Amino acid sequence: MYFFAMKTTRLIVLAIASGLLWLPVRTAAQEKAPGEAVAQSETAVVQPDRPGFGTGTTVLDRGVIQWELGFDVEHYLGTHLITLPTTSLRFGVDRRAELRLDYGGVLAVSDHPDTDPSTSDEHLYAPSPIYVGSKIMLWEGSEERRLKWIPKVSVMAEIGLPVTKEIAKRMPISGNIDLLFENEVTDWFSIGYDVGAQWVEWAPMPDIFASLGLNFSPIDKLGLYIENFNIFDCDAAEILVGYSNVYMVYLNFGVTYLVHPRVQLDLYAGFNCFHSETMLSGPKNDSFLGFGVAWLIRD
């Protein structure tokens, strides 16, 4: 009964994700009558979702194509993890909807010499699934004073397709659903937060996650952020370190710089400030560092 319930829940979630995936395509086909003009801004500016754990509410305009790329190194529970690279290709299909193609990169795992010197040279390479999905803006905010406190709201859903036969045998498909929120407090300060569930390819139960980020823009080209990220019931950790049903809290911060209206660079770092399975054994100095770029290919 327990396995049946898990399988049924997964199918329901993936069915919802599939519906959200095709909604933007249908909307784009019906959006404009022949000859109707499409308004474009005079100067297009890149609007990336990266960096950080959370995802922004912003949706690309129709016809806009944007590419985001990142690299990071992490020390996680006695192992070194290198992700090369993370990639996100976004396509605007409507004023309120975009299609996405996300790839988490190849995760290279190496045992830490301090943990077991005899295995310090061993490596494990784990390619990520390719995620196909969409982001849809449900509420884009209001300029009315009495409604400005209501956050912008978007929903994002993706289906993960395995890239290796081994992963396909264990879990043919995976997926995630996120609810995204953002409050623009001033012209230079905003608060972003989201909550969601992700079924990774090797875990029967989803990871439940939530994030809260403070975003600052002291000048036009410079951005700063600090973010808290929480993971609940992380079954994926059992594959790497033998733990399951854990609760982890991360804190990360970073800087972004707009080198060109179409190109943004970012640098970020963070650490694990709480791990439910290491309370008895002591901290493991979990930390990560990364950088990336976002490029507005077509506006």
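# Briefing: pocket, salt bridges and surface of a predicted model

Ile130 sits in strand β6, which covers residues 130-139. The structure is a predicted model. A search of the whole structure turns up 13 salt bridges. The largest pocket holds about 1400 Å³ of space. A cis peptide bond is also present, between Arg50 and Pro51.

**Surface patch**

- Ile130 joins Phe91, Leu101 and Val163 in a nonpolar surface patch.
- The patch has an area of about 280 Å².
- Ile130 counts as partly exposed because its relative accessibility is 33%, and the class runs from 20% to 50%.

**Largest pocket**

- The lining of the largest pocket comprises 47 residues.
- Pro48, Thr58, Glu182, Ser190 and Ser217 lie nearest the pocket centre.
- Five strands each give two or more residues to this lining: β8 (174-184), β9 (189-199), β10 (207-216), β11 (222-232) and β12 (247-260).
- By class, the lining splits into 17 nonpolar, 17 polar and 13 charged residues.

**Arg50, Pro51 and Asp266**

- The peptide bond joining Arg50 and Pro51 is cis, with omega about -5°.
- Pro51 belongs to the loop between α1 (2-31) and β1 (65-76).
- Arg50 pairs with Asp266 in a salt bridge, at 2.7 Å from N to O.
- This pair links distant parts of the chain, 216 residues apart. Arg50 is in the loop between α1 and β1, while Asp266 is in strand β13 (residues 263-275).
- Both Asp266 and Arg50 are buried.

**Glu140 and Arg96**

- A salt bridge brings together the side chains of Glu140 and Arg96, with an N to O distance of 3.3 Å.
- Glu140 lies in the loop between β6 and β7 (152-161) and Arg96 in the loop between β2 (79-94) and β3 (97-103), so the bridge ties together parts 44 residues apart in sequence.
- Glu140 is partly exposed, at 33% relative accessible area.
- Arg96 is partly exposed too, at 26%.

**Glu98, Arg100 and their network**

- Glu98 and Arg100 form a salt bridge whose closest N and O atoms are 2.8 Å apart.
- Arg100 and Glu98 are both buried.
- Salt bridges with shared partners connect this pair to Asp49, Glu68, Arg90, Asp102, Lys135 and Glu158 in one network.

**Contacts between strand residues and the rest of the chain**

- Trp67 is placed in strand β1.
- The relative accessible area of Trp67 is 32%, so Trp67 is partly exposed.
- Trp67 and Val293 are 226 residues apart in sequence, yet their C-alpha atoms are 8.4 Å apart in space.
- Phe232 is part of strand β11.
- Phe232 is partly exposed because its relative accessible area is 32%, between the 20% and 50% limits.
- Phe232 and Met248 are 16 residues apart along the chain, and 6.7 Å separates their C-alpha atoms.

Key:
Residues numbered from 1 in each chain as written. Predicted model: local features only at pLDDT ≥ 70, side-chain atom pairs only at ≥ 80, totals over all residues. Heavy atoms only, no water. Patch = residues over 30% accessible without salt bridge, like charges linked within 9 Å, V, L, I, M, F, W, Y side chains within 5 Å. Areas by Shrake-Rupley, 256 points an atom, 1.4 Å probe, with all protein chains shown as cover. Salt bridge = Lys/Arg side-chain N within 4 Å of Asp/Glu carboxyl O. Helix = DSSP H or I, 4+ residues; strand = E, 2+ residues; numbered from the N terminus. Buried < 20%, exposed > 50% of the residue type's maximum accessible area, 1.4 Å probe, protein only. 1 Å grid on protein atoms, 1.4 Å probe; cavity = no way out; pocket = protein on both sides within 12 Å on 5 of 7 lines; lining within 4 Å. Points joined across faces, edges and corners; volume = space filled by probe spheres on them. Nonpolar A, V, L, I, M, F, W, Y, C, P; charged D, E, K, R; others polar.
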